[in-house]
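Subject: Structure handover

Hi,

Here is the structure I promised to pass on to you. Have a look at it first, and then read on for what turned up.

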Amino acid sequence: MRPSRRPLVVFFVVVALLLLAHFIEQREDGRVAAPAPVFADAPHTEAAAPPQAEFSAAELRSALTEVCSTNDRESVDENWTQEEIRAQVDAFNELKRSLSDSLSESAVAEHLHVAALFEHDSVRRVEFLEKAISSSQSDPFLVWSAVRMCSDSAVSLDCPVDDWEQRLIAVDGQNSETWVRIAANDYAAGEIDAALEAMQHAATSAETRIYWTESVEMIERGLAAAGGRYPFSERAGMAFGFAATLLPAYGDYTRMCVEQAPRSAEWAYTCLGYGELAENQSKTEIGVSIGRSMQKIALEALGETDKAADVEQQLQRRRQDRLNADIDHTPLIERLMVSNPTMFSAFLAATRSMGEQAARLKITADIERLIRQQPDLACRK
């Protein structure tokens with residue numbers, strides 16, 4: 001029997017959260033993982049005064065009414081059996097095939113981009129990317145995503161990756177994540193000097209973007225364009241789940257510094273510079289964690305043990321802050337953020353503006369403030 005839609009949506013969200021938590025834990029410990037399948041991107045400022053909520057009490061009332069009503073009707077068991085997991089994975093793959101087939105018929109570059117993300121066949125995936133880029137050559141997100149997909153060692157794609165790298169430099173050359181991906185590609189090809197040069201660009205770039213929020217929004221629109229089979233809340237939840245499988249292969253980045261920093265002070269200082277930039281500019285928790293982990297790797301290689309210990313303490317404090325936040329950020333808050341277009345857009349806009357952690361705290365505080373003002377908005381336990 002085919003799994004119902006809602007368990008499939010819940011499965012995506014649970015998998016997304018597990019991926020993100022596991023991914024961050026690995027990077028904070030300084031371990032290097034194989035390229036893996038968070039939120040957000042832009043200057044990381046913790047002291048900036050948060051803007052006002054971009055949703056009204058009336059909008060929140062509507063969202064809470066729907067979420068609380070759904071919560072009353074359904075309870076979710078996240079203790080999946082192996083058979084249930086296999087069934088959900090099969091449904092996930094079937095959905096991806098269906099979405100790719102549907103969107104690949106479009107002439108719209110964004111639809112072809114989403115079709116490529118969901119496509120299993122390597123030849124068709126490259127074909128969709130080439131069509132998309134040919135019709136939207138100056139879209140940095142599209143070209144960055146194409147280079148990322150072509151650099152995935154788990155999937156063999158016959159891409160014009162050299163040409164796309166040069167195009168990416170032209171349209172997104174101020175993005176550190178453009179240069180660190182090119183550095184990793186050079187490093188994998190054994191071109192160590194070229195990799196160092198690219199890393200130096202990464203360490204001195206003007207910004208850091210992994211297009212997290214853009215990925216989530218694009219996938220939600222793609223799900224809507226592919227037939228409208230799902231209501232908005234399910235599309236939004238699935239978009240977060242899909243996007244969590246599309247993070248950069250951070251293991252490729254840390255591997256360069258783990259291997260080269262102990263051998264070369266130039267490499268160590270370059271990795272340190274990139275780490276500081278990533279920490280300060282990233283809007284995602286994973287980006288901040290990667291930045292600090294890179295700093296720790298570099299400082300240890302330079303013999304700066306006290307400074308490395310300070311970075312480790314920062315990692316541990318932020319990890320504890322995140323654990324504490326997980327207690328406060330109830331499933332209600334998570335469901336509210338995907339309940340309707342206004343709440344969804346408000347969270348993603350806040351993430352782009354102030355970073356993932358601050359955005360979650362801001363929206364949680366706004367919701368709690370409105371509930372204090374109007375207690376009848378809260379769900380009954």
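Which backbone oxygen lies 2.6 Å from a polar atom of the side chain of serine 282? The partner is the backbone oxygen of alanine 278. Serine 282 itself sits in the loop that links α13 (265-281) to α14 (285-301). With a relative accessible area of 3%, serine 282 is buried. Please keep in mind as you read that this is a predicted model.

**The chain as a whole**

The secondary structure amounts to 18 helices and 0 strands. Of the chain's 381 residues, 52% count as buried. The exposed area of the chain is about 17400 Å², and 50% of that is supplied by carbon and sulfur atoms.

**The core and helix α6**

The largest nonpolar core holds 99 residues, and those touching the most other members are Leu60, Met199, Phe242, Tyr274, Leu336 and Ile367. Helix α6 (residues 140-150) contributes the most to this core, namely 8 residues. To take one of the well-connected members, leucine 336 has contacts with Leu60, Ala63, Leu64, Val67, Met343 and Ile367, leaving aside residues up to four places away in sequence.

Helix α6 deserves a look of its own. It is mostly covered, as 10 of its 11 residues are buried. Those buried residues are Phe141, Leu142, Val143, Trp144, Ser145, Ala146, Val147, Arg148, Met149 and Cys150. They pack against α4, α5 (122-135), α7 (161-172), α8 and α10. At the start of α6, aspartate 139 places a side-chain oxygen within 3.1 Å of the backbone nitrogen of phenylalanine 141.

**Two helix pairs**

For the packed pairs, I noted the angle between the axes and the distance between them, as two packed helices are described by these.

- Helix α8 (residues 176-188) and helix α12 (residues 250-260) have axes that come within 9 Å and cross at roughly 65°. Their crossing is left-handed. On the α8 side, Glu177, Val180, Arg181, Ala183, Ala184 and Tyr187 take part, and they meet Tyr250, Asp252, Tyr253, Met256, Glu259 and Gln260 of α12.
- The axes of α9 and α13 come within 8 Å, with a crossing angle of roughly 35°. This crossing, too, is left-handed. Here Ile192, Ala195, Leu196, Met199, Gln200, Ala202 and Ala203 from α9 meet Glu266, Trp267, Thr270, Cys271, Gly273, Tyr274 and Leu277 from α13. Met199 and Tyr274 are also among the core members that touch the most others.

Helix α12 is mostly covered as well, with 8 of its 11 residues buried. The buried ones are Tyr250, Gly251, Asp252, Tyr253, Thr254, Met256, Cys257 and Gln260.

**Leucine 99**

Leucine 99 belongs to helix α3 (residues 82-103). Its relative accessible area is 1%, so it counts as buried. Not counting residues up to four places away in sequence, leucine 99 touches Phe118, Leu223, Ala226, Arg229 and Phe242. Take phenylalanine 118 from that list: it is 19 residues from leucine 99 in sequence, while the two C-alpha atoms are 7.1 Å apart in space.

**Two loop residues**

Where is serine 106 placed? It is in the loop between α3 and α4 (109-118). The side chain of serine 106 reaches the backbone nitrogen of valine 108 at 2.9 Å. Serine 106 also has a polar contact of 2.9 Å with histidine 111, side chain to side chain. Leaving out residues up to four places away in sequence, serine 106 touches His111 and Leu112.

The other loop residue is tyrosine 211, found between α9 (192-203) and α10 (212-225). Its phi is near 60°, a positive value in a residue other than glycine. Is tyrosine 211 buried or exposed? It is buried, because its relative accessible area of 3% falls under the 20% cut-off.

That is what I have for you, and I hope it gives you a good way in.

Best wishes

Terms used:
Residues numbered from 1 in each chain as written. Predicted model: local features only at pLDDT ≥ 70, side-chain atom pairs only at ≥ 80, totals over all residues. Heavy atoms only, no water. Helix = DSSP H or I, 4+ residues; strand = E, 2+ residues; numbered from the N terminus. Buried < 20%, exposed > 50% of the residue type's maximum accessible area, 1.4 Å probe, protein only. Polar contact = N/O pair within 3.5 Å; in protein donor to acceptor, adjacent residues only side chain to side chain. Core = buried A, V, L, I, M, F, W, Y, C linked by side-chain atoms within 4.5 Å. Contact = heavy atoms within 4.5 Å. Areas by Shrake-Rupley, 256 points an atom, 1.4 Å probe, with all protein chains shown as cover. Axes fitted to C-alpha atoms, helices over the stretch in contact; angles between N-to-C directions. Left-handed = near helix turned anticlockwise from the far one by under 90°.
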